[in-house]
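Subject: Structure handover

Hello,

Please find the structure below, with notes on its backbone and side chains after it.

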Amino acid sequence: MAREDNSNSEALKTAMENLNVQQQPSSSSRNDAASGNGVEVTCFTEVVDDVTVHLQIIHLGKQIYAWIGCNSGKLGHLYAAASTRPNNTASVTCVLGGNSDNTGTGIARRLVLKTGLNIMLASNIPKNSPLLEANAEKKLVEKLIHLGYATPKSKGTSS
């Protein structure tokens, strides 16, 4: 038994001596984030309907994590949304926070359709504030378009 342990440790020692470690330069440019090799974080605050709304976007290559905070830093419900085939629709589920509500599911579904990416959305927008919800989503989409993660609607078509 001791002889077997000794031969295993010798083999491990030899393998470690022969191990070559290559360092790759780290970069957080948009190209690396877009290709899945990096993370890009954007945080901003907007005043919407006299309410302070905090937004955070984390681009993770083929996925976006977005947080919408209303008057506080609470996480709120966490939703996961992804494009589904063959109808090119979006499926949404509530991952954290209890029962799903229409506030976050609607935003997450529309973000998937606008970006074509998988979406993780955390939101603590009050349930009975449809105007706040719509305006916060509008600000989020404007920023996603500005960052190049979503494409703007063409002016000539109706939706």
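Asp49 is partly exposed, at a relative accessible area of 44%. This is a predicted model, and the remarks that follow should be read with that in mind.

Asp49 belongs to the loop that links strand S1 (40–48) to strand S2 (51–59). Its backbone deserves a look: phi is near 50°, a positive value, and the residue is not a glycine.

Asn88 is another non-glycine residue with a positive phi, here about 55°. Is Asn88 buried or exposed? Its relative accessible area is 57%, so Asn88 counts as exposed, the cut-off for that being over 50%. Asn88 is placed in the loop between S4 and S5.

The loop between strand S4 (77–84) and strand S5 (89–96) also holds Pro86. The peptide bond joining Arg85 and Pro86 is cis, with omega at about 5°. When you open the model, that loop can be checked for both features: the cis bond before Pro86 and the positive phi of Asn88.

On the side chains, there is one charge–ring contact to report. Which ring does the charged end of Lys143 sit over? The ring is that of Phe44, and the charged end of Lys143 lies 5.1 Å from the ring centre. Phe44 falls within the span of strand S1 (40–48).

As for rings paired with rings, a pair would be described by the distance of the centres and the angle of the planes. Here there is nothing to describe in those terms, as the count of aromatic pairs is 0.

Regards

Definitions and conventions: Residues numbered from 1 in each chain as written. Predicted model: local features only at pLDDT ≥ 70, side-chain atom pairs only at ≥ 80, totals over all residues. Heavy atoms only, no water. Phe/Tyr/Trp six-rings, centres within 6.5 Å; stacked < 30°, edge-to-face > 60°. Lys NZ or Arg CZ within 6 Å of the ring centre and 35° of its normal. Helix = DSSP H or I, 4+ residues; strand = E, 2+ residues; numbered from the N terminus. Buried < 20%, exposed > 50% of the residue type's maximum accessible area, 1.4 Å probe, protein only.
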